[in-house]
Amino acid sequence: MPESLLEIRDLKTWFKTDDGIVRAVDGVSMAVGRGETLAVVGESGCGKTVTARSVLKLIDMPPGRFAGGEIIWRGRDLVPLGPKEMDRIRAREITMVFQEPMTALNPVYPVGEQIAEAVRAHEKLSARAALARAVQMMRLVQIPNPERRARDYPHQFSGGMRQRVVIAMALVCGPQLLIADEPTTALDVTIQAQILDLLNDMKARFGMAIMLITHAMGVVAENAERVVVMYAGKVVEDAPVGELFANPRHPYTQGLIRAIPRVDVKAEHRTRLAQIPGSVPSLLNPPMGCRFAARCAFATGACVAEEPPLRRVGPDHKVACIL
């Protein structure tokens, strides 16, 4: 495993609501190595996005709060830092691509100005020099005729091109870590492949690490080097991608892999995709013991008696399961 760039240690991000405390992230630990792609997978509602937004402290406080844990960035804990200190880290050192590009773009400003704004916030460049940097970045992310398109507005771009604009905005300051939160949501399959190829190309060009948030195991198999599987605010498995697909140890991981459509099997030999019964439990009142026990075919009385710790079962393979 490469040297850690980011370490999340026993992080707890909770939200106060009228109905009680939602433990969206409840004791999560993971690390991102220099230059690696870490995929964080799981169903919707498992805490992936809240974990990612916690790293950049993009959680509304209140109702959210850090109830415990550390976020160690290059040896420094980000949790106690104030807004001004975090502003110096966002975009320049750690950046994020969000699920829906239209929510990250201002509809009343040309996209070139929006990309240039990040440069001017972190580097002492004139407006003209910052815009020139923005145009250069648009060219790198393969937006045709970037000099002209920099004057266009977000609504004048297709979904795939808007995602390229957001990627250009995220990378224009040369960050060391890119957090990509389901960057291919709502895009067709061909454009999804192009965006993922673009991220890998930018990773190689800038030598950065990527934390890829997704629920698509096929995307994980093709793009990640290591995988963290989350369920109901917890990490249930952490392994290199090859090891995870060859030898998944947690029943939840096994269920996710069985649900992947197969194109390498002849039509007459295909069977219905396996499904995991039930749904993710409410994080207002999470169940005792293993949070997956109610949906697990292998659950026993011991599974609900005590929460299984995340323990090592191989050289770089961890799993939270008593089996």
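How do the residues lining the second largest cavity divide by class: how many are nonpolar, polar and charged? I'll come back to that in point 5, after the pockets and the bigger cavity. Keep in mind throughout that this is a predicted model.

1. Start with the largest pocket, which holds about 430 Å³ of space. Its lining is made up of 18 residues. If you want to find the middle of it on screen, pick Ala91, Thr95, Phe98, Ala118 and Met169, which lie nearest the centre. Three elements each put at least two residues into this lining: strand 6 (94–97), helix 4 (111–122) and helix 7 (159–171). Helix 4 is the top contributor, with 5 residues. As for chemistry, the lining has 12 nonpolar residues, with 3 polar and 3 charged ones alongside.

2. Next comes the second largest pocket, at about 350 Å³. Here 14 residues form the lining, and Gly218, Val219, Ala221, Glu222 and Ile260 are the closest to its centre. Helix 8 (189–206) and helix 9 (217–223) are the elements that give two or more residues to this lining. Helix 9 has the largest share, 5 residues. The class split for this pocket reads 8 nonpolar, 3 polar and 3 charged.

3. Now for the enclosed spaces. The structure holds 2 cavities of 30 Å³ or more. The largest cavity comes to about 90 Å³, while the second largest has a volume of about 50 Å³.

4. The largest cavity is worth a look for its cysteines. Of the 13 residues in its lining, those nearest the centre are Pro251, Cys290, Cys296, Cys303 and Cys321. The lining counts 12 nonpolar residues and 1 polar one, with no charged residues.

5. Back to the opening question. The second largest cavity is lined by Thr37, Leu196, Leu199, Asn200, Ile210, Leu212 and Asn223. By class that gives 4 nonpolar and 3 polar residues, and no charged ones. Helix 8 and strand 8 (209–214) each supply at least two of the lining residues, and helix 8 gives the most, with 3. You met helix 8 in point 2, where it also helps line the second largest pocket.

6. On to charge pairs. Side chains of opposite charge can pair when their charged atoms come close. A search of the whole structure turns up 16 salt bridges. Three of these pairs get their own points below, and a small network follows.

7. Arginine 226 and glutamate 36 meet through their side chains, with an N to O distance of 2.8 Å. This pair links distant parts of the chain, 190 residues apart: arginine 226 is in strand 9 (residues 226–231), and glutamate 36 is in the loop between strand 2 (20–33) and strand 3 (37–41). Are the two partners buried or exposed? Arginine 226 counts as buried because its relative accessibility is 3%, under the 20% cut-off. Glutamate 36 is buried too, at 4%.

8. Arginine 295 and glutamate 43 also form a salt bridge, at 2.9 Å from N to O. Arginine 295 sits in the loop between helix 11 (251–258) and helix 12 (301–305), and glutamate 43 in the loop between strand 3 and helix 1 (48–55), so this bridge ties together parts that are 252 residues apart in sequence. The partners fall into separate burial classes: arginine 295 is buried at 8% relative accessibility, whereas glutamate 43 is partly exposed at 23%.

9. In the pair of arginine 74 and glutamate 93, the closest N and O atoms are 3.4 Å apart. Arginine 74 lies in the loop between strand 4 (64–73) and strand 5 (76–77), and glutamate 93 in the loop between helix 2 (83–89) and strand 6, so the parts tied together are 19 residues apart in sequence. Arginine 74 is partly exposed at 45% relative accessibility. Glutamate 93, at 16%, counts as buried.

10. Last item: which residues are linked in a network of salt bridges? Have a look at Glu7, Arg9 and Glu70, which are joined in that way.

Note on methods: Residues are numbered from 1 along each chain as its sequence is written. This is a predicted model: local features need pLDDT of at least 70, side-chain atom pairs count only at pLDDT 80 or more; totals for chains, interfaces and linings use all residues. Side-chain values use heavy atoms; hydrogens and water are left out. On a 1 Å grid over the protein atoms alone, a cavity is a set of points where a 1.4 Å probe fits but cannot get out, and a pocket is an open set with protein on both sides within 12 Å along at least five of seven lines; lining residues have an atom within 4 Å of a point. Grid points are joined across faces, edges and corners, and a volume is the space filled by probe spheres set on the points. Helices (H or I, at least four residues) and strands (E, at least two) are DSSP runs, numbered from the N terminus. Ala, Val, Leu, Ile, Met, Phe, Trp, Tyr, Cys and Pro count as nonpolar, Asp, Glu, Lys and Arg as charged, and the others, Gly among them, as polar. A salt bridge is a side-chain nitrogen of Lys or Arg within 4 Å of a carboxyl oxygen of Asp or Glu. Buried means under 20% relative accessible area, exposed over 50%, partly exposed in between (1.4 Å probe, protein chains only).
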